[in-house]
Amino acid sequence: DYSDFGNNGTGKLSLRYNFTDTFSVRGTASKGFRAPSVQQQFFSQVSTNLNGAGQLTDTVTARQGSALARAFGIKPLKEEESKNYSIGFVWKPTSEFSFTADLYRIQIDDRIVFSSEITPEAGSDNCNDPAVCPIALLLRPLRVGQATFFTNAIDTKTTGVDLVGEYTTELSNGARFGLSAALDFNKTEVERINSPSTFLSTSSLFNNIQGTLIEEGQPRQRATFGANYGAGPWRTDFALNYYGSVSGAGFTGIKQKWGGKWLTDVAVSYAFNDDVKVTLGGNNIFDVYPDRWTAGDANSNPFPALGFKYGWETLPFGLNGGYYYARLNWSF
C-alpha cells in the first residue's frame, strides 16, 4: 500500500516434483510490482552533451510534475508491473555433482525508461507558431537545445535460459577441489511503445537509439567458469568470465557493436592461522579492454576524432583494464 501509488497485490506460486532421489522438475509463476524510485521522480538537471552532429548542446532533464513535463504531456510516473514464469529441472546424480537448467520469461508493463533527446523541429529557429513548432517554443525560453524525461514508455519481454553445474570433491591428500560453470542466454524485446503526449510521437519519445540500448545494450550471453583448490593453509581460486557482445547507438544514431570478451581472475591465499590470511590476486589479469570505436568520418562518428577510444553506455566490464592486489585479513 503506497501512499503515492495506491494498492497492488503480488503473489508467487512454486511447484516441485521429485521423480527420483536425483531428478526433480520445478516451476514458478509470480507477479511483481515496482514503484518509481526517488531519483526517477525528482531528478532534474541541465547538462552539456554531444548531440547527433557531435556538437555540444545544453540538455534539460525535467523532473516529474514540472511545468515543462506537463507542457510536453508527460504524465506522472506510475508503477511498473511484471509477470515472471520459469520452468526447469535439477539433477544431482551424486553428492559431488549437481546440474540445473531453467527457462524463464519476464514481462514488464509500463517500464520506466529515460526518454530520447527531444529536439526542436527542423528549421524552427524563427518559428513562432505553436501548431508548427511546439517543441521549439517550449525549449526556447530555457535556452536549451534538448529535453529528456523519465516516463512509463514501454512494455518489454525477456526470455532466456540459465544453466548451472557444480562439482566438489575431496582428493586423496585431503585437499578440496571444486569446479563450477554457469551459462545464461537471454533476449529482451520492446513489445510496445506508448507516448502520453499529444504532439510527441512514439518514435520521438523513445527512438531506435533507446530501443537498441534496451534490447542490445546488455550481453545476451554470459558465462562463468570457476575452479578452486584448497590444501592445508593454501587456497587458489581461478575464474573465467565471458561477456557477450553489446551494441549502442548513443548520440550518433549509428549502431556500433562491441564484441564479446573473456576476462580472467586469479587469487592465491595463505592462512598463517585462524586469524591472519594473506591474498595475492588480480581481476582481469590479462588486461583485456573493450573494442575501440569504429573509425568513421567526423559527421557519421565524431568520437574517434574527438579523442574517445571506447564507448561508455553499453560496456559491461568497464574501461579500467587489469586490477592487481595484495590483501591482509586480520581477525581480532
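Me: Which residues lie nearest the centre of the largest pocket?
Reply: In this predicted model, the largest pocket has a volume of about 400 Å³. Its lining is made up of 22 residues. Those that lie nearest the centre of the largest pocket are S115, E117, T148, Q210 and F251.

Me: Which element supplies the largest share of the lining of the largest pocket?
Reply: Elements that each supply at least two residues of this lining are β3 (45-50), β4 (56-61), β7 (146-148) and α5 (208-216). The largest share is four residues, and the element it comes from is β3.

Me: How many residues in the lining of the largest pocket are polar?
Reply: The lining is divided by class into nonpolar, polar and charged residues. Six are nonpolar and two are charged. The number of polar residues is 14.

Me: Which element gives the most to the lining of the second largest pocket?
Reply: The second largest pocket has a volume of about 240 Å³, and 14 residues line it, with R111, L213, I214, E215 and Q218 nearest its centre. Two or more lining residues come from each of β6 (97-114), β9 (176-193) and α5. With four residues, the element that gives the most is α5.

Me: How many charged residues are in the lining of the second largest pocket?
Reply: This lining has five nonpolar residues and five polar ones. The remaining class is charged, and its number is four.

Me: How many residues apart in the chain are R26 and D102?
Reply: A salt bridge joins R26 and D102, and their closest N and O atoms are 2.7 Å apart. R26 is in strand β2 (residues 23-34) and D102 is in strand β6, so the pair links distant parts of the chain. Their separation along the chain is 76 residues.

Me: Is D102 buried or exposed?
Reply: Its salt-bridge partner is R26, which is partly exposed at a relative accessible area of 29%. The cut-off for a buried residue is under 20%. D102 has 15% relative accessibility, so D102 counts as buried.

Me: Which parts of the chain does the salt bridge between E80 and R34 tie together?
Reply: The closest N and O atoms of E80 and R34 are 3.0 Å apart. The two residues are 46 residues apart in sequence. Because E80 lies in one strand and R34 in another, the parts tied together are β5 (residues 80-91) and β2.

Me: Which residue of this pair is partly exposed, E80 or R34?
Reply: E80 has 11% relative accessibility and therefore counts as buried. The relative accessible area of the other residue is 32%. The partly exposed residue is R34.

Me: Which residues are linked with K78 in a network of salt bridges?
Reply: A search of the whole structure finds 11 salt bridges. One of these joins the side chains of D110 and K78, at 3.7 Å from N to O. D110 is in strand β6, whereas K78 is in the loop between α2 (67-71) and β5. The residues linked with K78 in the network are D110, D155 and R192.

Me: What is the phi of D110 near?
Reply: D110 is found in strand β6 and is buried, with a relative accessible area of 18%. Its phi is positive, in a residue other than glycine. The value is near 55°.

Me: Is R143 buried or exposed?
Reply: R143 also has a positive phi, near 60°, and its place is the loop between α3 (134-139) and β7. A residue is exposed when its relative accessible area is over 50%. R143 is at 74%, so R143 counts as exposed.

Me: How far apart in space are Q41 and T151, C-alpha to C-alpha?
Reply: Q41 is in helix α1 (residues 38-42) and is buried, with a relative accessible area of 17%. Q41 and T151 are 110 residues apart in sequence. In space, their C-alpha separation is 9.5 Å.

Me: Which residues form a nonpolar patch on the surface with F308?
Reply: F308 lies in the loop between β15 (276-283) and β16 (323-330), and its relative accessibility of 37% makes it partly exposed. The patch has about 290 Å² of accessible area together. The residues that join F308 in the patch are L306 and W312.

How values were computed. Residues are numbered from 1 along each chain as its sequence is written. This is a predicted model: local features need pLDDT of at least 70, side-chain atom pairs count only at pLDDT 80 or more; totals for chains, interfaces and linings use all residues. Side-chain values use heavy atoms; hydrogens and water are left out. Patches are made of residues with over 30% relative accessible area and no salt bridge: like charges are joined within 9 Å, nonpolar side chains (Val, Leu, Ile, Met, Phe, Trp, Tyr) within 5 Å. Accessible areas come from the Shrake-Rupley method with a 1.4 Å probe; for residues, only the protein chains shown count as cover. A salt bridge is a side-chain nitrogen of Lys or Arg within 4 Å of a carboxyl oxygen of Asp or Glu. Buried means under 20% relative accessible area, exposed over 50%, partly exposed in between (1.4 Å probe, protein chains only). On a 1 Å grid over the protein atoms alone, a cavity is a set of points where a 1.4 Å probe fits but cannot get out, and a pocket is an open set with protein on both sides within 12 Å along at least five of seven lines; lining residues have an atom within 4 Å of a point. Grid points are joined across faces, edges and corners, and a volume is the space filled by probe spheres set on the points. Ala, Val, Leu, Ile, Met, Phe, Trp, Tyr, Cys and Pro count as nonpolar, Asp, Glu, Lys and Arg as charged, and the others, Gly among them, as polar.
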